[in-house]
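This report describes selected features of a protein structure. Please keep the sequence and the structure in view while reading.

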There are 2 protein chains.
Amino acid sequence: MRRPFSQILLGRPLETAEASHQAIGKLSGLAVFASDAFSSVAYATEEILVVLALAGMVYLKISIPIAIAISMLLIMLTISYRQIIFAYPDGGGAYIVARENLGDHAAKVAGAALMMDYVLTVSVSMSSGVAQIVSAFPVLENFRVWLAVILIGIMTWLNLRGTRESSEILSIPSYFFLLMMFITLVGGLLRWVSGTLPMVEGVEILRDVTQPISLFLILRAFSSGSTAMTGIEAISNGITAFKEPRQKNAATTMLYMSATLLLLFLGITVLAHQTQAIPSPAETVISQIARTVFGRGILYLLILASTTGILILAANTSFAGFPRLAALLASDGFLPRQLTIRGSRLVFSWGIMGLAFLASLLVVLFQASVHSLIPLYAIGVFLSFTLAQLGMVLRWHKVSKLRTKKENDAFEPSIIYDRQWRWKQLLNAFGAFITLLVTIIFLVTKFEEGAWVIVLLIPILTWIFFRFQRHYLEVASELSLAGVHKNIGRRAVRTILLVDRLHASAIRNINFLLSLGISWEALHVSIDQDRTEELLRKWQDRFPEHPLHVLPSPYRSLTQPLLDYIVEIRQENPSAFIHVILGELVMESYWEQALHENSALVLELALRHLDGVVVTSVPFQLNRLRKEDKLNSM
Amino acid sequence: MRRPFSQILLGRPLETAEASHQAIGKLSGLAVFASDAFSSVAYATEEILVVLALAGMVYLKISIPIAIAISMLLIMLTISYRQIIFAYPDGGGAYIVARENLGDHAAKVAGAALMMDYVLTVSVSMSSGVAQIVSAFPVLENFRVWLAVILIGIMTWLNLRGTRESSEILSIPSYFFLLMMFITLVGGLLRWVSGTLPMVEGVEILRDVTQPISLFLILRAFSSGSTAMTGIEAISNGITAFKEPRQKNAATTMLYMSATLLLLFLGITVLAHQTQAIPSPAETVISQIARTVFGRGILYLLILASTTGILILAANTSFAGFPRLAALLASDGFLPRQLTIRGSRLVFSWGIMGLAFLASLLVVLFQASVHSLIPLYAIGVFLSFTLAQLGMVLRWHKVSKLRTKKENDAFEPSIIYDRQWRWKQLLNAFGAFITLLVTIIFLVTKFEEGAWVIVLLIPILTWIFFRFQRHYLEVASELSLAGVHKNIGRRAVRTILLVDRLHASAIRNINFLLSLGISWEALHVSIDQDRTEELLRKWQDRFPEHPLHVLPSPYRSLTQPLLDYIVEIRQENPSAFIHVILGELVMESYWEQALHENSALVLELALRHLDGVVVTSVPFQLNRLRKEDKLNSM
């Protein structure tokens, strides 16, 4: 059997029943969902230093207290997200929590915020990955954008093949990164303790002080560093991808992930401080630390390779999360319905391709510069964090009512009574307050550098979701059966056979009508006087008992006289169906099809807008059978 | 009534009955069909001088005998084309003559040759027109290509509006050109006779001699100058556009045209010689002559304006001829059938747009340089001249038989006996020989400069015509009714209603089936288990007497299970019609339509390739009526 190109590229189609086999365990889950969180280690420290360097090299040391503040925020978020995982066994994270507890509008805002950050995750991770490559091989400097776009293309292909296969591929580089980071931190620690840790050399020191040190600047550095936390919500969105017991596995994976991230982020920030790494557009901080600790040997190249690897995989978090979120939004009617369709490999193909397109667009627009992309990043995530926590606060409120009103059990069976609801509510409320504060800090400190784009885009996206919703609601209301059932019954049908020439296709049409055994009339639109006369002659010969009605077409249009005629006869009996029979010549190839007038298609597109008009097209395939065979099955 | 944009642009649609009113008289015909021939005066002399200049300025004087040779060729061609006009009252020129007398293959070669030359006429004329403008306004030098393409666009628009209106517009500049040329020639003659004619000054004299003078070079100059004759066949192609008596009017117009062309071409060549005009890429010979005779005053600008005007109009010859020829080729099945369709303004719109596209492409590729385009030009025309004359020789042979066999009258009634057939045959034979010789001279002397392109393209185009012809012949044979009439009769029909959800559109489908009064079965393709169960429940409620058959779709495809099912039931009864009923949701706008799965369209495109399958689509229009109205007409 010949396999189509799409199967060679993507693998054999998977049955729906195979979907559950695609579920992943804790360790694979860490590889698939945590790579985004881990990978931010590659740029979060550096972005803190970039901002502090504006006030002078002497202030780089403030990076340590900033990193500690970020770590505390991370611990708090981990606790509240574990609460969400246990509350929502079917996953969904911020979007679901907001929709269930805060309503449609908050859900749309959360959806818009999350979608934007998924796209930015891909753009930022790929750009940073390319920056690591360029640090090791400066000769590639001019190919940053190309490299990033090609890497996005490869990632898209892997994801179109499906989750399980990709998680197997992805586990190796993910753990390779953790191993290399462990070696880096231990190596750095040993050299520090033994007093042999050198300073970073060969990077141009920035001597220009452009801004005085200020609370604003420190908060801006904090904002940029908080990008370390992006991606930690991925697990709560993807609970359904885990093996059973899903919630427990997901919550445990979340814990592993946060602990690892904390260790890596603090470790790298401390090492950067100890080696006095200097933020530079030419070389990443990870590259500076690695070559300072281990020299420019094979270990240095392995560390950079593993960092590049994890960054590329980070994009994979979005390739897992974005299409799922888009499908959720689409099934709620906020996005085109096609996004809910799983492709032949059980993945949401349209979502994957949409993400790849948008992320590539950003990479090209921002020339693959991490530093230019950072001001847009993480705002969406923190806004969704806030909405999720607010939603949880309301949810605990419902739980509290359970105690008093038992009948709520039936009303909302998903809400389970929890003895410790009061503490958990307090924790979520605190989380909501802190993340709201952080969101505001982000907006204020990064507004001019690019956050204004997000301030514009979130309402625009929300409005677009609203328009989609309104459209689907209107359609659903028009299709709804309320009051329709009483209208089932017979109506008059007027069947009109459109005849152009009297050839084999026309004969097949007539055979079909005779076989149906319904009454019909023949109609011809006269464009060419000679042809019409010839047709009338032939028709008279063969079907003398069946009159052929001729419509004149003074302007040589096939469509307009027919439309006018149908409108006219509809007026005589507005409730009747007008049933138009068209013969359609079907060629084997598109170019052959293009050589014919394809009037069946043109007419069908014109007639479909008339109420009560039904179109039957009788295809007649050419070049497919030998003529004799065809004659036997006219 | 709101007029669509196309009507504002092109004018109101014209009735087929208005076609004959579009016929033109002798003077308008001269403007429409002769502008190509006249306009070549603007570059033919110059192209002779360009070639001769390669051997040195002293050899420019050879232009006079070359021009005389070309004039003799013109006289000979005029006589033979007048014979063609009288022999073929319905027009067609070389293509028709070749087809009638030499057969399909020669006709294809003639068609290919003529079509290429129509395209080149537009490209060369527009490029030369722009060269005149640039001679007067050197500041426009860098906009040559843009100017030429914009002018082609304007010409396209005028032609899409239709023949009569454009011939009125075009008569003025055509006669304006003849007037200005008359003034130039008389002015030049008077100054020459009175001994006050100055020499051309201010043009850089080419001192580099790159080639020795040789027969080859003289023949090449003759080839380039023979472009003066392009376009003289236009009248014989367009006889049907003339007022009655068509043949006499066309033949008289042909005579006027040739005499005028002869006078202009010889006059300009002699004046160029007397003023010692020098071929130059910066200034055209016409510009040099005009400013030398009259100085750089208003008269100079008027002469250049009129030359530019006639060149732009020359392109109009092709815009009149190319679409007619394409329609002829298409009605013979050598080109896509769509080229035979007259648009709302009674012109062959597709041919006009095709010509505009190809000519613009050439202008861009050759950077609007007349000198680069000339080597490709006129070969096609002379090849078609040869074929036409050969065809006429065979035709006179048929006429000679008339004398002996009277019964031929009935066989080929278009052939009228002519007492002087022997002389006329001799004349056409001589013409065929001379034009064949000229074609060979063209090919040999211009081969390296670009004629090789034509040598490649003519067989390729001929082959393409052959493929189109084969396709249409095959289709015609498959559609032919030979042996079919006995196959009229009833066959079994199995009507399958495809149900996705049970909403208003599905109810309308069922109402239609009930109204038709035929037996049917309901079928559902199960992609989502939950949705299928819901549908089965609802179906059981409403149509308990009608079973709903469910097809599983393990790979979530709607199409494949249905195709497999139909193939299966077709095997049970291969002669039966399978009649599939699809509900189709019709939105008001394309973007709304894109928000839905449009499975009716997708299924229809898949099903049309199955023999014996008939598809009925029942449109359900949304947003069009208020819901109450719709309920009344379910």
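The sections below treat chain composition, two buried residues, aromatic pairs, cavities and backbone geometry.

## Basis and overall composition of chain A

The structure is a predicted model. Chain A contains 25 helices and 5 strands. Of its 634 residues, 56% count as buried.

Contacts in chain A can also be described by sequence separation. Among those between residues at least 6 apart in sequence, 80% join residues at least 24 apart.

## The surroundings of A:Ser226

A:Ser226 occupies the loop between helix H10 (215-225) and helix H11 (234-237) of chain A. Its relative accessibility is 0%, and A:Ser226 therefore counts as buried, the cut-off being under 20%. A polar atom of the A:Ser226 side chain lies 2.8 Å from the backbone oxygen of A:Phe222.

When neighbours within four places in sequence are left aside, A:Ser226 is in contact with A:Ile70, A:Phe382 and A:Phe442. Two of these partners recur in an aromatic cluster, which is formed by A:Tyr81, A:Phe382, A:Phe385 and A:Phe442. A:Ser226 thus contacts A:Phe382 and A:Phe442, both of which belong to that cluster.

## The surroundings of A:Ile310

A:Ile310 is located in helix H14 (residues 298-331) of chain A. Its relative accessible area is 0%, so A:Ile310 is classed as buried. Apart from neighbours within four places in sequence, A:Ile310 has contacts with A:Ser35, A:Phe38, A:Ser39, A:Ser174 and A:Phe177.

A further distance places A:Ile310 relative to another residue of the chain. A:Ile310 and A:Leu362 are separated by 52 residues in sequence, and their C-alpha atoms are 20 Å apart in space.

## Aromatic pairs

Over all chains, the structure holds 12 aromatic pairs. One of them joins A:Trp539 and A:Phe543, with ring centres 4.8 Å apart and planes at 45 degrees. How is this pair classed, and why? The pair is tilted because its angle of 45 degrees falls between the limits of 30 degrees for stacked and 60 degrees for edge-to-face rings. Both A:Trp539 and A:Phe543 are buried.

A pair in chain B has another geometry: B:Phe382 and B:Phe385 are arranged edge-to-face, at 5.0 Å centre to centre and with 65 degrees between the planes. Helix H16 (residues 379-404) of chain B carries both B:Phe382 and B:Phe385, which are 3 residues apart, about one turn of the helix. B:Phe382 and B:Phe385 are both buried.

## Cavities

Rolling a probe the size of a water molecule over the atoms shows where empty space is left. A search of the whole structure finds 3 cavities of 30 Å³ or more. The largest cavity has a volume of about 60 Å³. Its lining consists of B:Asp36, B:Leu114, B:Asp117, B:Tyr118, B:Thr121, B:Thr230, B:Gly231, B:Glu233, B:Ala234, B:Thr317, B:Ser318 and B:Val381.

Which elements give two or more residues to this lining? They are helix H6 (104-136) and helix H13 (298-331) of chain B. The most is given by H6(B), with 4 residues. By class, the lining of the largest cavity comprises 4 nonpolar, 5 polar and 3 charged residues.

## Backbone geometry

A cis peptide bond is present from A:Glu244 to A:Pro245, with omega near -5 degrees. A:Pro245 lies in the loop between H11 and helix H12 (246-274) of chain A. In chain B, B:Glu244 and B:Pro245 are likewise joined by a cis peptide bond, with omega about -10 degrees. B:Pro245 is placed in the loop between helix H10 (234-237) and helix H11 (246-274) of chain B.

Positive phi values are found at A:Gln367 and at B:Gln367. For A:Gln367, a residue other than glycine, phi is near 50 degrees. This residue, A:Gln367, is found in the loop between helix H15 (349-365) and helix H16 (370-373) of chain A. B:Gln367, which is not a glycine, has a positive phi of about 50 degrees. The position of B:Gln367 is in the loop between helix H14 (349-365) and helix H15 (370-373) of chain B.

Conventions: Residues numbered from 1 in each chain as written. Chains lettered and ligands numbered in written order. Predicted model: local features only at pLDDT ≥ 70, side-chain atom pairs only at ≥ 80, totals over all residues. Heavy atoms only, no water. Buried < 20%, exposed > 50% of the residue type's maximum accessible area, 1.4 Å probe, protein only. Polar contact = N/O pair within 3.5 Å; in protein donor to acceptor, adjacent residues only side chain to side chain. Contact = heavy atoms within 4.5 Å. 1 Å grid on protein atoms, 1.4 Å probe; cavity = no way out; pocket = protein on both sides within 12 Å on 5 of 7 lines; lining within 4 Å. Points joined across faces, edges and corners; volume = space filled by probe spheres on them. Nonpolar A, V, L, I, M, F, W, Y, C, P; charged D, E, K, R; others polar. Phe/Tyr/Trp six-rings, centres within 6.5 Å; stacked < 30°, edge-to-face > 60°.
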